[in-house]
Amino acid sequence: MTTVDSIDLSQLRVLVVDDEADIRLGLRRLATSLGAEVSDAEDGVAALEQLVQSGADVVLTDLMMPRMSGAELLVEVKRRSPETAVVILTGYGTIPSAVSCLQNGAAHFLTKPFDNAEVLRLVERLGRQVLAQRPQAAHTVHAGGRAIVAEDPRMRSVLELVTRVAPTPVSVLVEGESGTGKELVARAVHAASGVADRPFLAVNAAALSDTLLESELFGHERGAFTGAERRHDGVFAQARGGTVFLDEVASMSPSFQGKLLRVLQEHVVRPVGGNAEIPVEFRLIAATNRELEAMIATGAFREDLFYRLGVVRIAVPPLRERPADVPALAEHFLRTAARVSLGPNAPVPRVSAAALATLTAHAWRGNVRELENTIQRAVIVCTDGTIEPWHLGLDRGGWSPSAGEEVDYSTGKQRAVAAFQSEFVRRALEKAHGNVSHAAEACGLTRAALQRIMRQLGIERETFSA
Ligand SMILES: Nc1ncnc2c1ncn2[C@@H]1O[C@H](COP(=O)(O)OP(=O)(O)OP(=O)(O)O)[C@@H](O)[C@H]1O
Ligand SMILES: [Mg+2]
């Protein structure tokens with residue numbers, strides 16, 4: 001069991017909302033000193049956007065603000081995220097409104113000017129309470145507010161490597177199939193680095209032509225090309241010591257690869273259309289879903305750049321090679337999908353043992369992203385609170401020749417037929433709310449024939465009765 005004292009406050013997300021900049025700054029500093037991840041907003045509307053984007057465990061909000069008051073914000077926060085603790089900050093004039101906020105679910109109110117020690121004690125206490133209730137997989141790290149699930153030993157060693165390289169300034173190359181979580185790993189490196197408070201800027205090399213990539217990364221002077229109406233700082237300059245995430249590096253042309261190599265060696269860029277070189281400071285994390293070594297062999301990728309990018313290489317294994325992650329990821333996506341699709345207070349559907357077996361056996365070509373989409377769909381399709389295999393929409397037959405195991409033709413056919421029957425019959429029974437006669441009629445079977453199939457496949461009518 002998680003005890004309140006053993007909780008690590010670095011997982012705590014605090015959101016500070018006030019229209020006065022110095023109050024925001026003061027509260028930010030206090031919460032940061034607890035080790036929490038702190039963000040701020042200058043009114044209720046901006047605060048809600050932040051909340052939707054990155055969530056919050058504790059919200060400290062002023063009452064009187066333009067656009068949306070603290071009292072209105074409280075109602076919205078509680079509606080979307082009931083577990084979040086909201087603290088109202090109030091001047092003496094607004095104490096009655098603050099008191100009425102307590103009736104609407106606020107955890108506490110503090111009167112201005114605050115006593116710093118009191119603020120600290122309160123945020124710490126509320127923070128520990130909220131975190132103790134937050135459901136957590138046994139092994140998660142956070143990448144800027146987003147959890148990375150890692151139950152499988154292979155994924156755990158990836159995260160160990162992340163923890164080891166993060167504090168060093170070396171370039172990192174993240175390799176792995178599409179949808180395995182490369183960008184999340186890159187964000188985790190940044191979040192655990194010494195420059196986590198500086199920018200993390202992502203650029204996808206595959207989405208831009210050479211010319212655009214150059215001006216995006218290196219910047220350009222005014223009038224450098226048609227449409228360049230003002231000068232623009234490139235991403236390398238904007239990073240200001242933070243991290244640049246360069247995705248899909250395999251799609252850079254060899255000539256652009258040469259330009260990038262020079263920047264990495266000399267730490268200067270020459271903006272497009274400019275003469276002067278400007279110094280830049282950033283940490284580069286590159287990602288690819290291609291085998292760069294094979295591209296080096298054919299001359300499509302520069303070997304010298306490869307060694308520069310991959311001072312440390314992190315290989316993110318495909319999901320089918322880390323089966324222990326499947327149930328944990330499914331659980332994680334289930335909670336998010338249920339909250340988004342069914343509402344914050346709706347019960348989270350459970351996954352039946354059969355559905356879990358289907359998920360674990362699936363070949364996941366699209367990796368974690370495919371699993372995420374599958375769960376999102378299943379949450380919408382399933383109506384009775386339990387996700388069954390036929391809600392997943394995977395391998396329509398339930399068994400496919402690609403599942404890995406070698407079987408002879410007749411066994412394969414038998415399994416495929418059984419899987420088809422099972423899905424067909426279950427759907428019919430589900431539609432008929434477990435009424436066998438109605439289901440049989442809808443399938444064009446006699447009641448007796450349907451019952452025989454149900455017996456063979458071990459399908460029970462009761463599972464489907466409303
Ligand atoms: N271990 C994980 N825990 C939680 N969510 C994950 C994990 N791995 C991936 N995801 C989620 O799966 C999706 C795909 O991850 P991400 O974008 O990082 O993959 P990628 O390897 O960069 O994909 P691509 O090659 O398509 O760019 C994202 O929504 C991400 O949040
Ligand atoms: Mg990506």
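**Exercise 1.** How many salt bridges does the structure hold?

*Solution.* The model examined here is a predicted one, and the structure holds 23 salt bridges in total.

**Exercise 2.** Determine which residue forms a salt bridge with D57, and decide whether each partner is buried or exposed.

*Solution.* Begin with the pairing: D57 forms a salt bridge with R13, and the closest N and O atoms of the two lie 3.0 Å apart. Next, place the partners along the chain: D57 sits in the loop between helix 2 (44-54) and strand 3 (58-62), whereas R13 belongs to strand 1 (residues 13-17), so that the pair links distant parts of the chain, 44 residues apart. Finally, apply the cut-off, by which buried means under 20% relative accessible area: D57, at 3%, counts as buried, and R13, at 18%, counts as buried as well.

**Exercise 3.** Find the salt-bridge partner of R231, classify both residues by accessibility, and name the network to which they belong.

*Solution.* The partner is D233, with the closest N and O atoms 3.2 Å apart. R231 has a relative accessible area of 45% and is partly exposed, while D233, with 27%, is also partly exposed. Extending the search, one finds that R231 and D233 are linked with E221 and R240 in a network of salt bridges.

**Exercise 4.** Which side chain meets that of R270 in a salt bridge, and how accessible are the two residues?

*Solution.* The side chain of R270 meets that of E277, at 3.7 Å from N to O, which satisfies the criterion of within 4 Å. R270 counts as partly exposed at 40% relative accessibility, and E277 counts as partly exposed at 34%.

Conventions: Residues numbered from 1 in each chain as written. Chains lettered and ligands numbered in written order. Predicted model: local features only at pLDDT ≥ 70, side-chain atom pairs only at ≥ 80, totals over all residues. Heavy atoms only, no water. Helix = DSSP H or I, 4+ residues; strand = E, 2+ residues; numbered from the N terminus. Buried < 20%, exposed > 50% of the residue type's maximum accessible area, 1.4 Å probe, protein only.
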